[in-house]
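This report covers the RNA-facing surface, selected packing and backbone geometry of the model below. Please keep the sequence and coordinates at hand while reading.

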Amino acid sequence: MLAANTKTLPPVIFLMGPTASGKTDLAVALTEKLPCDIISVDSALVYRGMDIGSAKPDAATLQRAPHRLISFLDPSEPYSAAQFRCDALREIEYILHSGRIPLLAGGTMLYFKVLLEGIADLPAADPALRAQLTTEAAQYGWPALHQKLAEVDPVSAAQLHPNHSQRILRALEVHALTGIALSTLQQQQQPASLPFRPIQLALMPDDREALHRRIEQRFDRMLREGFMDEVRRLYARGDLHPDLPAIRAVGYRQAWDYLAGNLSEAEMRAAGIAATRQLAKRQLTWLRNWPQLHTIPMQEPFDLEKVTLATLKILSANGI
RNA sequence: GGCCAGAUAGCUCAGUCGGUAGAGCAAGGGAUUGAAAAUCCCUGUGUCCACAGUUCGAUUCUGUGUCUGGCCA
């Protein structure tokens with residue numbers, strides 16, 4: 001917020017936008033115009049062996065424009081916003097040290113938020129405890145656990161709908177692990193002081209229907225390029241299951257259901273495309289009320305050169 | 001050509017013993033702190049195929065037509 005500070009801190013570019021909006025193409029184009037290195041901000045790209053369905057840049061593109069924080073985790077492993085914050089800060093520092101500009105590009109808005117605002121000091125997930133609470137919920141229903149939460153953490157409970165399974169679970173987990181209410185720990189959170197100056201950009205499609213068409217075409221392209229073979233390889237391992245964050249990813253979840261015989265091929269395609277549209281909608285909801293955002297309109301047909309020039313203009317107005 | 005079954009929300013269908021209708025999915029809006037490509041909340045007016053008849057009143061009953069599917073020729 002301090003003007004003097006703003007001048008001295010090194011700039012870092014944030015490039016956000018819904019899925020299938022052309023973020024990757026734009027990020028790669030920017031690396032050819034500016035001395036910047038890409039850090040991926042995407043909860044699905046972190047996984048190894050999940051390339052086609054996650055729309056990961058192909059090998060040739062990665063050769064040209066390396067991405068950090070992709071393909072470093074096995075799909076059996078969980079990842080988290082807190083872990084991302086830690087990893088991203090490390091990568092940003094590394095790139096700044098080498099005298100270049102970090103370019104954070106991706107569609108996981110919570111990760112961007114946590115990077116900007118920091119995160120409360122909370123215990124990590126406890127799989128055994130989660131399993132136990134999930135069993136309890138299956139028996140008594142989430143409203144019953146919400147009831148229980150109200151007794152130990154009325155502030156959190158008041159903010160949560162009785163059906164909000166995931167967040168009721170987390171609040172109960174934190175309390176069980178620390179003996180302190182989640183809401184109390186969150187109130188103790190210190191505001192993050194960033195060692196850099198974020199320039200926040202968002203690629204915003206001006207036509208939802210056009211974005212829907214791009215999503216459909218991209219899904220069909222993924223199928224042609226061997227998406228099902230990729231999922232079959234994961235399926236054949238035998239140790240992965242649909243409750244894992246990796247396998248819950250858009251497209252993979254539906255492909256899994258198809259391989260398990262729960263969906264026909266046509267149903268899988270329709271459900272996969274719909275899930276992608278819904279993801280884009282949620283990403284746009286984040287972006288619509290995002291503070292300090294420079295929006296880059298994305299018109300159909302997508303003109304990469306034009307969009308790149310518009311982006312460079314915004315960046316230069318912000319000291320790059 | 002004959003017989004039978006359908007025709008209701010973008011899709012699949014339910015329903016109205018005659019008082020103009022509702023689920024799932026899709027879609028739209030919102031929330032979002034160690035699963036976030038996750039999870040959760042809110043939003044349902046549509047010539048109830050068309051025309052005629054019966055009726056105070058028809059999407060509902062009757063008749064005719066049209067279209068779709070099945071069976072028989």
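## Backbone exceptions

L69 is buried, with a relative accessible area of 8%; buried stands for under 20% relative accessible area, exposed for over 50% and partly exposed for values in between, using a 1.4 Å probe and protein chains only. The model is predicted, with local features requiring pLDDT of at least 70 and side-chain atom pairs counting only at pLDDT 80 or more, while totals for chains, interfaces and linings use all residues. Residues are numbered from 1 along each chain as its sequence is written, chains are lettered from A and ligands numbered from 1 in the order in which they are written, and side-chain values use heavy atoms, with hydrogens and water left out.

L69 is found in the loop between β3 (67-68) and α4. Helices (H or I, at least four residues) and strands (E, at least two) are DSSP runs, numbered from the N terminus. The phi of L69 is positive, near 65°, and L69 is not a glycine. Most residues other than glycine have a negative phi, and most peptide bonds are trans.

Q292 also has a positive phi, of about 50°, without being a glycine. Its place is the loop between α14 and β6. Q292 is exposed, with a relative accessible area of 58%. Just after α5, G118 has a positive phi of about 85°.

The peptide bond between E300 and P301 is cis, with omega about -5°. P301 belongs to the loop between β6 (294-298) and α15 (304-317).

## The surface near RNA strand B

How many residues surround RNA strand B? There are 46, and the closest are S43, R130, R167, K281 and R288. A residue is near the strand if one of its heavy atoms lies within 4 Å of it. By class, this surface has 18 nonpolar, 17 polar and eleven charged residues. Here Ala, Val, Leu, Ile, Met, Phe, Trp, Tyr, Cys and Pro count as nonpolar, Asp, Glu, Lys and Arg as charged, and the others, Gly among them, as polar.

On the RNA side, 60% of the strand B atoms within 4 Å of the protein belong to sugar or phosphate, and the rest belong to bases. Helices α5 (109-117), α9 (165-178), α11 (208-224) and α14 (265-288) each supply at least two residues of the surface near the strand. The most comes from α14, with nine residues.

Three polar contacts with the strand are tabulated below. A polar contact is a pair of N or O atoms within 3.5 Å; within protein, one must be able to donate a hydrogen and the other to accept it, and residues adjacent in sequence count only if both atoms are side-chain atoms.

| Side chain | Part of RNA strand B | Distance |
|---|---|---|
| Q166 | sugar or linking oxygen | 2.6 Å |
| R248 | sugar or linking oxygen | 3.3 Å |
| W286 | base nitrogen | 3.2 Å |

## Packing between elements

The buried residues of α5 are M109, Y111, F112, V114, L115 and L116. Among the elements that cover them are β1 (11-16), β2 (36-41), α4 (81-97), β4 (101-106), β5 (197-205) and α14. Contact is defined as heavy atoms within 4.5 Å.

R208 lies in helix α11 and counts as partly exposed, at 34% relative accessibility. Not counting residues up to four places away in sequence, R208 touches K281, L284 and R288. The C-alpha atoms of R208 and A280 are 9.5 Å apart in space, with the two positions 72 residues apart in sequence numbering.

T311 is part of helix α15. At 0% relative accessibility, T311 counts as buried. With residues up to four places away in sequence left out, T311 touches L26, L30, L201 and I296.

## Aromatic rings

The whole structure holds nine aromatic pairs. Rings of Phe, Tyr and Trp (its six-membered ring) pair if their centres lie within 6.5 Å; planes under 30 degrees apart count as stacked, over 60 as edge-to-face and the rest as tilted. F227 and Y252 form an edge-to-face pair, 5.1 Å centre to centre with 85° between the planes. F227 lies in helix α12 (residues 227-237) and Y252 in helix α13 (residues 252-259), so the pair ties together parts that are 25 residues apart in sequence. F227 is buried, with a relative accessible area of 1%, and Y252 is buried, with a relative accessible area of 1%.

One aromatic cluster is formed by F72, Y79, F84 and Y111. The charged end of R214 sits over the ring of F302, 5.1 Å from its centre; the criterion is NZ of Lys or CZ of Arg within 6 Å of the ring centre and within 35 degrees of the ring normal.
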